[in-house]
Amino acid sequence: MTKNIITVLESIPEEWTNIEVYHTTAKLLPEFKKPTIVKYAGKNANSSIWISTLQHGNESTGLHVFCEQWKQLLQENIFFPYDVYFFIANGYAALSGEHWSKRFASFQVDNNRCWFREEEENLIAKMNIPSLQQKQIRLVTEFINSTNPTHLLDVHDTTGKNQSIGFTLRKNDDPKNNVLYSLAKNIIFLSRLPGSFLDAFSEKYISFGVECGKSGTTESFQSGRKMVWSFLNLSSTKKESESGYENLRRIVIKNEIDFDFHNFSKSNPIQDNRLHIRSDIEELNQSCTRTFGMLGTYFGDNLPLCVLEQGRDVTEQYLRKENGKIYARTSYFGQLFSTNKQNVIDSELGYFSSRIK
Ligand SMILES: [Zn+2]
């Protein structure tokens, strides 16, 4: 069954079992231009679980993992006591321009900021979501709600080097998180992430997000494989998170600031009017600002970076500058820092978080 603005497949096409994972981009990706739902029916199922990926067009891990997962399900005749729905959110973005290079297509806004809770319909107007994208998301939302879901997982990867990370809006001690604790070592406890898939469904169903690791790496693919398999089985062997973090604070570079990534261990020249960020900034992910030390240099006035707490400017609380060197004020843990310049401009440099234990 194909509606004209989304694609719905009632089963995993048999011919997909012949596609090698390294042919995912050439042979599978073109099938997913429109938002696509692929059903894998369970045995005597009266509920469902959902796994989504490709909210962001520059994140290739999830689809590669799906390709391998579909093959295994069909070849080994595996069945679950619930229906499984695979959702490929935004092939347009992955296919636009050079493949896997754009977070969203030129005629879109960030797809993972378009999912809203029913009571927050008024925010949709505020977000200026293009009408096609809005209609597609509405249709998929209705579809999800119609399948009696219990668990949803949204699979992402990162441009920077990160370990696997899980996201939840539920509290540390909520046993509903156990499935997530079994997926990823690092867990980030969010208060809200408005517009995200995770946030939109979190109140109604048990919803998680995961970041597999750095896009295009074997590590990311392997950790994605493990996480998707564990989620399909709803394994929940772990009762608490291995490393927990909270209070995510977004760090962006101020609009007018010119910046680069600088290797301070080589004596590269420093320009006074430019922000030089340490080129090894990705090493700060899942580690502490205290041991990491200086973040970069800037000899202009004021701080060239902005720290945001739910959109509120809290820079002074988090950063200080001393003789042109920028430091964190105290011990935070870095998350999702990236040295991909385009990504830094489009989204952010990274995040600070506090360690829970
Ligand atoms: Zn993403």
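This report describes the fold of one chain in a predicted model, from its overall form down to single residues.

## The chain as a whole

The chain has 357 residues, and a compact globule of that length would have a radius of gyration near 21 Å; the value for the chain is 21 Å, so the two agree. Taken along the principal axes, the C-alpha atoms fill a box of roughly 65 × 45 × 40 Å. The secondary structure comes to 11 helices and 18 strands. Of the 357 residues, 43% are buried. Among contacts with a separation of 6 or more, 72% are between residues 24 or more positions apart.

## Two domains and a core

The chain is divided into domain 1, residues 7-241, and domain 2, residues 247-355. The centres of domain 1 and domain 2, taken over C-alpha atoms, are separated by 30 Å. Their contact takes 10 residues from domain 1 and 13 residues from domain 2. On the side of domain 1 that touches domain 2, there are 2 nonpolar, 6 polar and 2 charged residues.

In soluble globular proteins, nonpolar side chains tend to be buried together. In this chain, the largest nonpolar core has 82 residues, and those with the most contacts inside it are Phe-86, Phe-87, Val-210 and Phe-231. Both domains take part in this core, with at least three residues drawn from each of domain 1 and domain 2.

## Helices H2 and H8

Helix H2 covers residues 61-75, which is 15 residues. From its first C-alpha to its last, H2 reaches 22 Å, close to the 21 Å expected at 1.5 Å a residue. The buried residues in H2 are Thr-61, Gly-62, Leu-63, His-64, Val-65, Phe-66, Cys-67 and Gln-69. They pack against two helices, H1 (24-28) and H8 (218-232), and against strands E3 (48-53), E4 (83-88), E5 (149-158) and E8 (206-214).

Helix H8 also has 15 residues, which should span 21 Å at 1.5 Å a residue; its end C-alpha atoms are 21 Å apart, so the span agrees with the expected value. An α-helix has 3.6 residues a turn, so residues three or four places apart point the same way. The buried residues of H8 include Ser-220, Ser-223, Met-227 and Phe-231. Phe-221, Gly-224, Val-228 and Leu-232 are buried in H8 too. The partners of the buried residues of H8 are strands E3, E4, E5 and E8, together with helices H2 and H6 (178-181).

Phe-231 belongs to the buried residues of H8, and it is also one of the residues with the most contacts inside the largest nonpolar core. Which residues does Phe-231 touch, not counting residues up to four places away in sequence? They are Ile-51, Leu-153, Val-179 and Leu-183.

## Residues with a positive phi

Most residues other than glycine have a negative phi, and most peptide bonds are trans. The table lists some residues with a positive phi.

| Residue | Phi | Place |
|---|---|---|
| Leu-54 | about 65° | loop between E3 and H2 |
| Asn-77 | about 50° | just after H2 |
| Leu-234 | near 45° | after H8 |
| Gln-310 | near 45° | loop between E13 (305-309) and E14 (312-313) |

Is Leu-54 buried or exposed? Leu-54 counts as buried because it has 29 C-beta neighbours inside 10 Å, and the cut-off for a buried residue is 20 or more. Gln-310 counts as exposed because it has 12 C-beta neighbours inside 10 Å, and the cut-off for an exposed residue is 12 or fewer.

## Two residues of domain 2

His-276 lies in strand E11, residues 275-278. It is buried, with 23 other C-beta atoms within 10 Å. Leaving aside its neighbours within four places in sequence, His-276 is in contact with Asp-260, His-262, Ile-270, Gly-296 and Thr-297. His-276 and Ala-41 are 235 residues apart along the chain, and their C-alpha atoms are separated by 53 Å.

Asn-255 is in the loop between strand E9 (243-253) and strand E10 (259-262). With 7 C-beta neighbours inside 10 Å, Asn-255 counts as exposed. Asn-255 and Pro-304 are 49 residues apart in sequence, and C-alpha to C-alpha they are 8.9 Å apart in space.

How values were computed
Residues are numbered from 1 along each chain as its sequence is written. This is a predicted model: local features need pLDDT of at least 70, side-chain atom pairs count only at pLDDT 80 or more; totals for chains, interfaces and linings use all residues. Helices (H or I, at least four residues) and strands (E, at least two) are DSSP runs, numbered from the N terminus. The expected span of a helix is 1.5 Å times one less than its number of residues. Two residues are in contact if their C-beta atoms, placed from the backbone, lie within 7 Å. Domain bounds come from an automatic or database domain assignment. Ala, Val, Leu, Ile, Met, Phe, Trp, Tyr, Cys and Pro count as nonpolar, Asp, Glu, Lys and Arg as charged, and the others, Gly among them, as polar. A nonpolar core is a set of buried Ala, Val, Leu, Ile, Met, Phe, Trp, Tyr and Cys residues joined through C-beta atoms within 7 Å. The radius of gyration is taken over C-alpha atoms; the globule rule is 2.2 Å times the number of residues to the power 0.38.
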